Amino acid sequence: GNELRVIANEGGRPHIFPVTIPPKKAPLTPPARPSSFVGMRWPPCEIAGKFIYCSGQGGAITRSTLGQNDFKTVPTAKIRNGSRIAATLLDAEHSVVGWLESRQTTEGAMLKAFVAVDTNDPERLSEDGAGATSIHFFRRKSGPVAVYLDTRTNQVPVHARPMAFKNNALALGTDVVLAVGGVPERGIDFEVGLVGERGFAFIPMPKDTLEFSMATIPIEDPPKEDVGIAWSL
């Protein structure tokens, strides 16, 4: 309606700041100087329709409904410190959250991607042999899609995996490597979304040893392997 809600992460719970949107013809007035400050936590909360997921102390993830105090914790979730979570709707009453955890493997400690419906027990999103270093979700008519990077020393595989809600449970589609990027740079994140009805991933990364650019990767429905990268210098 006529209100914008700014939602921040306050120690693992959403802190909602309502901001009134004035009528178009009303003169703009500067906001009042705040009388106090609220400490916020990184990473930010993620919104999935009417549900809000926030990460808190010890890597816990909580879910609540917008405007209510019905906080529940995703069991056994322990997200990597400082990493962002992802969340989206499955249908009007169910949502899915994704995050990264460090797990011990035969190759040593490796980051893996996990997902959970609502606040149910988690299941692994990234398959055997694949790691995950950042994750985002987007929705299209056929359902939500998880996209994650597996940043390695000399390359960046970009994975996509469709998700669906069937028989009151999460159904994971085939894990597809959309493309493989070049040597990664520290701290790079990415974004996914729809352009019209087509899905795309937008990733800033090196094209080669001399050029750094924005990589645009199409995410077909269903996702296809080795779709190629469009480089914008």
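This note comments on two pockets and one sheet of a predicted model.

1. Residues are numbered from 1 along each chain as its sequence is written. The model is predicted, so that local features need pLDDT of at least 70 and side-chain atom pairs count only at pLDDT 80 or more, while totals for chains, interfaces and linings use all residues, and side-chain values use heavy atoms, with hydrogens and water left out.

2. The largest pocket (an open set of points on a 1 Å grid over the protein atoms alone, where a 1.4 Å probe fits, with protein on both sides within 12 Å along at least five of seven lines) holds about 640 Å³ of space. Its lining (residues with an atom within 4 Å of a point) comprises 23 residues, with R80, T133, S134, G187 and I188 nearest the centre.

3. Strands β11 (134-140) and β17 (198-206) each contribute at least two residues to the lining of the largest pocket, strands being DSSP runs of E of at least two residues, numbered from the N terminus.

4. The second largest pocket has a volume of about 160 Å³, and its lining includes R140, K141, E197 and R198. That lining divides into two nonpolar, two polar and six charged residues, where Asp, Glu, Lys and Arg count as charged.

5. Four strands form an open sheet in the order β16-β17-β18-β19 with antiparallel pairing, a pair requiring at least two DSSP bridges. The edge strands, each pairing on one side only, are β16 (191-195) and β19 (230-232). Between β16 and β17 the antiparallel pairing runs over five bridges, and V192 has A201 in β17 as its bridge partner.

Note on methods
Points joined across faces, edges and corners; volume = space filled by probe spheres on them.
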